[in-house]
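Me: Here is a structure to look at. Let us go through it in short questions and answers.

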Amino acid sequence: MADWTQLPKELLELISKRLGTHYDVIRFRSVCSTWRSAVTAPNRCRNRFAPRFPLLPISSQFSLSKRSVFLLGSPTTSTQTNAWSPSSWVIKIEEDPMNGRVQLLNPLSRSRFDSLPDNFPKPLNLLDFRVLELGEEYVLHYLTHHSVGNLYMEKVVLSCLEDNVNDFIILTIHVSGKLAMFKSSVKKWAIIQDMPSPFDDVILYKGNFYAVDNTGRTVVVGLDFETNLIAMPVFGGDKKFLVDSKGELLLVDMYLSIESEPGSSSSSAGFGLVEEYFENLALYMNERTVKFKVFKLDDVGKQWVEAKDLDNRVLFLGDGCTFSASIEDLSVCRGNCIIYVDNFFYSLGEEDGASEHCDIGVFDLESGSIGPLTKFPQFSQLFWPPPHWISSTTASDLRFGQLH
């Protein structure tokens with residue numbers, strides 16, 4: 001039997017350069033002391049990011065932290081796993097830029113878990129599980145002497161140039177609906193004026209920035225602030241998402257409908273500003289997602305072509321990131337579905353009261369059926385509660401720090 005510890009250092013270095021993520025390198029280095037000494041620790045640019053630069057749109061200080069979405073797999077084989085326990089668990093992890101502590105977050109929203117089971121392991125050691133990084137998101141934070149607070153709720157994407165932590169570019173959507181770009185080399189924001197319609201989403205795809213507006217018009221955003229059209233509009237839906245699905249760029253079109261409660265009226269004599277505010281808020285909470293359409297990019301024809309299936313993959317549409325996974329990775333038997341954030345199910349109290357998985361819906365692209373997460377048990381168990389094998393695994397090494 002071959003002795004893997006005796007592989008030449010040059011070969012180990014070549015292998016490590018082909019690993020996809022920061023966490024793949026960590027796991028590669030954990031195999032043995034020989035491999036660890038042959039490969040340098042991964043650049044922190046891909047894990048925790050806290051440079052100081054001007055606040056958008058006023059002058060201040062903030063940091064940018066990275067949140068990673070992981071699929072944890074049971075360390076045992078599927079035949080050894082309890083039939084009533086899921087063999088996969090989706091989590092999102094953020095390292096606090098001020099104190100280094102790790103926060104466990106809802107995978108599709110920006111909220112923390114309210115509580116963890118008493119027997120939940122602290123620390124959580126990723127080396128004890130099969131791990132697949134599904135996606136990532138970046139969040140801007142205020143920096144003060146005593147606290148850190150979320151700064152900006154729009155989606156943020158980042159590109160490190162030549163894997164250099166000091167040379168990076170940020171793209172986000174300004175409150176005006178225009179694109180805004182920050183370059184570390186010039187230390188200031190620039191508003192990109194190209195905006196026939198307000199932008200809905202941005203993504204870093206194959207090293208380039210892509211943006212889509214609410215008509216489906218899609219552009220590549222250059223580092224010179226220029227935009228190049230790659231797809232003409234797709235009219236019909238109310239909100240557009242860009243998703244990287246196994247190396248293929250998809251456009252997901254969300255259709256919304258306002259659900260009115262029986263006996264309610266949008267006009268009432270004597271309504272003041274306060275009453276009107278709460279009426280509008282109620283309408284927002286009852287804005288229901290009714291269906292989705294998915295499109296694949298025809299880059300030659302510069303158009304989006306509707307797709308009728310997702311090749312047995314599942315798409316996830318979160319507040320700050322989008323990602324996909326195969327049914328094999330998720331250990332589920334149902335594919336061609338979209339899991340998304342939806343305030344409607346939360347406002348109706350469809351969920352069982354646990355904020356750990358509130359306001360999440362599932363849409364089946366094949367049948368057109370749609371409903372709250374709890375109506376789809378095989379997907380619900382991916383989120384909450386944590387599977388029993390998380391607690392039964394003994395943590396032997398601190399890789400992510402203390403969970404809070």
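Me: Is Lys-66 buried or exposed?
Reply: This is a predicted model, so the value is computed from it. Buried means under 20% relative accessible area. Lys-66 has a relative accessible area of 6%. By that cut-off, Lys-66 is buried.

Me: Which strand holds Lys-66?
Reply: Strand 1 covers residues 62–73. Lys-66 is found in strand 1.

Me: What distance separates the C-alpha atoms of Lys-66 and Glu-94?
Reply: Along the chain, Lys-66 and Glu-94 are 28 residues apart. In space, their C-alpha atoms are separated by 6.3 Å.

Me: Which residues touch the most other members of the largest nonpolar core?
Reply: This core has 23 residues. Six of its members touch the most others: Leu-108, Phe-316, Leu-330, Ile-339, Phe-379 and Phe-383.

Me: Which strand supplies the largest share of this core?
Reply: Several elements each supply at least two residues, including strand 1, strand 18 (313–317), helix 5 (327–330) and strand 20 (337–341). The largest share is three residues. That share comes from strand 20.

Me: How many residues are in the other core?
Reply: Another core lies apart from the largest one. Among its members are Val-243, Ala-307, Leu-317 and Leu-365. The number of residues in this core is 15.

Me: Which phenylalanines does Leu-108 touch, not counting residues up to four places away in sequence?
Reply: The contacts of Leu-108 include Lys-92, Asp-319 and Ile-339. They also include Tyr-340 and Ile-360. The phenylalanines touched are Phe-316, Phe-323 and Phe-383.

Me: How many disulfides does the structure hold?
Reply: A disulfide needs two cysteine sulfur atoms within 2.5 Å. The sulfur of Cys-333 is 9.9 Å from the closest cysteine sulfur, in Cys-337, so the two are too far apart for a bond. The count of disulfides is zero.

Me: Which is buried and which is exposed, Cys-333 or Cys-337?
Reply: Cys-333 has a relative accessible area of 71%, so Cys-333 is exposed. For Cys-337 the relative accessible area is 0%. The buried cysteine is therefore Cys-337.

Me: Which strands stand at the edges of the open sheet 6-7-8-9?
Reply: Four strands form this sheet, and the pairing is antiparallel. An edge strand has a single partner, so one side is left without a neighbour in the sheet. The strands at the edges are strand 6 (156–160) and strand 9 (188–192).

Me: By what angle are neighbouring strands of this sheet turned against each other on average?
Reply: Direction is ignored for this angle. The average is 20°.

Me: Which residue of strand 7 is the bridge partner of Leu-158?
Reply: Strand 6 and strand 7 (residues 168–173) pair in the antiparallel sense. They do so over five bridges. In strand 7, the bridge partner of Leu-158 is Ile-170.

Me: Which residue in the turn between strand 16 and strand 17 has a positive phi?
Reply: Strand 16 and strand 17 form a hairpin with four residues between them. The two strands pair over five bridges, and Leu-297 stands opposite Trp-304. A phi of about 50° is found in the turn, at a residue that is not a glycine. This residue is Lys-302.

Me: What is the phi of Asn-312?
Reply: Asn-312 lies in the loop between strand 17 and strand 18. At 40% relative accessibility, Asn-312 counts as partly exposed. Asn-312 is not a glycine, yet its phi is positive, at about 60°.

Me: How far apart in sequence are the parts that Phe-292 and Tyr-340 tie together?
Reply: The rings of Phe-292 and Tyr-340 form an edge-to-face pair, 4.9 Å centre to centre with 65° between the planes. Both residues are buried. Phe-292 lies in strand 16 and Tyr-340 in strand 20, so the pair ties together parts whose separation in sequence is 48 residues.

Me: How many aromatic pairs does the whole structure have?
Reply: One of them is Tyr-205 with Tyr-210, edge-to-face at 5.4 Å and 80°. Ring pairs also link Phe-168, Phe-182 and Trp-189 into a cluster. A search of the whole structure gives a total of seven.

Key: Residues are numbered from 1 along each chain as its sequence is written. This is a predicted model: local features need pLDDT of at least 70, side-chain atom pairs count only at pLDDT 80 or more; totals for chains, interfaces and linings use all residues. Side-chain values use heavy atoms; hydrogens and water are left out. A nonpolar core is a set of buried Ala, Val, Leu, Ile, Met, Phe, Trp, Tyr and Cys residues joined through side-chain atoms within 4.5 Å. Buried means under 20% relative accessible area, exposed over 50%, partly exposed in between (1.4 Å probe, protein chains only). Contact means heavy atoms within 4.5 Å. Two strands pair if DSSP finds at least two bridges between them. Axes are lines fitted to C-alpha atoms, for helices over the stretch in contact, and angles run from 0 to 180 degrees between N-to-C directions. Rings of Phe, Tyr and Trp (its six-membered ring) pair if their centres lie within 6.5 Å; planes under 30 degrees apart count as stacked, over 60 as edge-to-face and the rest as tilted.
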